[in-house]
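Work through three short exercises on the structure shown here. Try each task before reading its solution.

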Amino acid sequence: MPIHDVGYRPWSGPLTNNLTRWWTITEAGVASAFKSRWVRRAMLLSWLPILNFGFAVFMFEKMMDQPTNEILGEFSYQSGSDAFEEVAGELKDEVARQVIAQELQEQFAFLPESNALVDAAATNDNRVMRHQVWSYMLAMFLRYPQGVMTLLLVGLIVPPLISRDVRSRAFLLYYSRPITRMEYLMGKIAIPASLLFLITLVPAMGLYLFGLMLSPDLTVIFDTWDLPFRIVGATAVCIIPVCLLSLLFSSLTEESRFAGFAWFAVWGLGTVVWLMIYIPNQGQMMANSNGQSVADFTSNWSLVSLYSTIGRVQFWLFGLEKDFMSIVPSLAMLVVMSVVSFAWLYRRISAPVRI
Amino acid sequence: MISFEHTTKLYKTVIGVNDVSLDLQPGAYGLLGPNGSGKTTLINLILGQIRPTLGTVRVFGQNPWNCNELLNRIGLCPAIQANYPFISGLKWVTFLTRLRGFRSSIANEMAEKALAIVGMTHAMNRPMSSYSLGMRQRTVLAQAISHEPELLILDEPFNGLDPKGRIEMTAFLKEWVQKKRSLILASHILHEVEALRPSLLLISGGRLLASGSPEQVRSILASCPNSIRIRCDNPNRLAALATEYYSVNKIQIDASAGTIDIETLNPLEMLTGLPARARSAGITITELRSTEESLQAIFSTLMKIHRGEVRITG
């Protein structure tokens, strides 16, 4: 009679790839975040500004598509010679660009950088102007509405992500599985990163595609081909330091509310201090002959605000800030902050087994 | 199954495990030691979470350090309070099973099965915040067994359980052992571990002080200087008998409570002989026990033996 082996038999079925196992943590985290009604509301709210910016792009493209005479209305002239005709035509185009820029500026008058739209009209080329206006729209979209939503969403989602594991000593559960500390960290970082992608990268790309769809011809793609890359860069500049810093706060405490408080304090207090320095000097920068040194002074102080620091680098990526050297301190600050946060975070999540 | 060869783990200047050598064959083991004795360090060495400073560790013939393949043969039930308010027990166990590499649908089936084994089917879809302490403990156990490990490691699994929960946990672990699966149960309470009749590993100060069956451990205790409490109807007369026939270090009589505490160098002889002499003298003994039966007493005795302060008699 054959004797059957009824002892332990290891699993012989298929297993998922080791390289993507961290995604399980992300998936569960994102699903868990979406269970919160507030997160769902915040996500919905964060998509609303796209309507305003989308409308502005629509208006811009519509006006650019109109004949100059229609834009200028009753403006007319009597031609004398070919040379005059040529000069008058160029002048008309320039005036038309200024009219378009002013229309847009009126729509975005509440933004401090709306003068950049008038500057864009100073160019001699409609294609260059289109690039500048689109860059402006995307930069403002990421900087203001999405910047504020980033602050809120991170404050809602991130604080409990690691602090809950610290409190319940769940690290032992993770590490008793084929998951390394780095994979655990990747899984956790990808949770806020995925959600922030959904409110920054995805709508910004949507805005860009929306612009393309409204374009008169395919040449627009050649005019603006670099913008998707700039969008990716600008969202990465925001998401990487924000995720690492907020997760670091979460890992430092067992109480998620303290992590949340630290997050809002760093973001909010820094911005308040920056505004207290910036607003009184704004007028002086415009009027004073010594305006440049005041601008340097306020630029240096922008480092006190994480929001302002990220914003300056984003502006440079979209070409609104021309001088690379002026944003080097901000860039260096973000790099240092990210590296230190990552190292510290890694140490924190390794600590439970280091004892 | 597991072998430690002169294994030492230092945390800077703190010794976690000190020169431990042992060879464990498949079976059930009770890892006993007071808090801070090195139990968790030993478990982390087995799981490959930490590397020994000196010596080697082999688990199923492999070096466990960074060995992912090995981790799927082991289930860990750590001493944690799993409390994820918005997640149901089923989702939590499924998630942790998926982390082992099982596909979502398979992991879900495995989790359901494990939760059924620990008697949590009725509550598995409820949020974990609504679970009692015992239910959470059972859910933690379910995540450890969901992938049907070859070796189950439990760290203080009885913590927070009510008597019913303890009985159920013991019954489950007995069944596990009967299925010829391996088990390491870390605890600081002797009688909880004894019920499973495992081989005992006694660890203190990072050193493996003794190993053997529960009977062998008890015989060590009985053979060492010990304090015995006797409750009877005539404590003064019994005290006289004890001092007349046995080597007594110290005796303390509480006539109102009817008890005598006797410290003797030869407890085994007294425990076996004194009841008969009392009966002959017409004394009724209602209670006879060692007052130092706790695990700490065993460890203090073992430490005395290691230091050469006492010798085992009998």
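The exercises below concern a predicted model.

**Exercise 1. The sheet**

Task: In what order do the three strands of the open sheet in chain B lie, and which are the edge strands?

Solution:
- Start with the order. It is S2-S1-S4 in chain B, with antiparallel pairing.
- Now find the edges. Strand S2 (14-24) and strand S4 (54-59) of chain B each pair on one side only.
- Check the twist. With direction ignored, neighbouring strands of this sheet are turned by 25° against each other on average.
- Look at one pairing in detail. Strand S1 (residues 2-11) of chain B is joined to S4(B) by five bridges. B:Glu5 stands opposite B:Thr56 in S4(B).

**Exercise 2. The nonpolar cores**

Task: Which residues of the largest nonpolar core touch the most other members?

Solution:
- The core has 144 residues. A:Met137, A:Leu138 and B:Ile153 touch the most other members.
- Ask which element gives the largest share. Helix H14 (residues 227-251) of chain A does, with 14 residues.
- Take A:Met137 further. Leave aside its neighbours within four places in sequence: A:Met137 is then in contact with A:Phe53, A:Ala56 and A:Val57.
- Another core, of 10 residues, lies apart from the largest one. Its members include B:Ile230 and B:Leu274.

**Exercise 3. The contact between chains**

Task: How many residues does each chain give to the contact, and which helix of chain A gives the most?

Solution:
- Count by chain. Chain A gives 27 residues and chain B gives 33 residues.
- Rank the helices. H10(A) gives the most to the side of chain A that touches chain B, with four residues.
- Sort that side of chain A by type: 14 nonpolar, eight polar and five charged residues.

Definitions and conventions. Residues numbered from 1 in each chain as written. Chains lettered and ligands numbered in written order. Predicted model: local features only at pLDDT ≥ 70, side-chain atom pairs only at ≥ 80, totals over all residues. Pairing = 2+ DSSP bridges. Helix = DSSP H or I, 4+ residues; strand = E, 2+ residues; numbered from the N terminus. Axes fitted to C-alpha atoms, helices over the stretch in contact; angles between N-to-C directions. Core = buried A, V, L, I, M, F, W, Y, C linked by C-beta atoms within 7 Å. Buried ≥ 20, exposed ≤ 12 C-beta atoms within 10 Å, placed from the backbone. Contact = placed C-beta atoms within 7 Å. Nonpolar A, V, L, I, M, F, W, Y, C, P; charged D, E, K, R; others polar.
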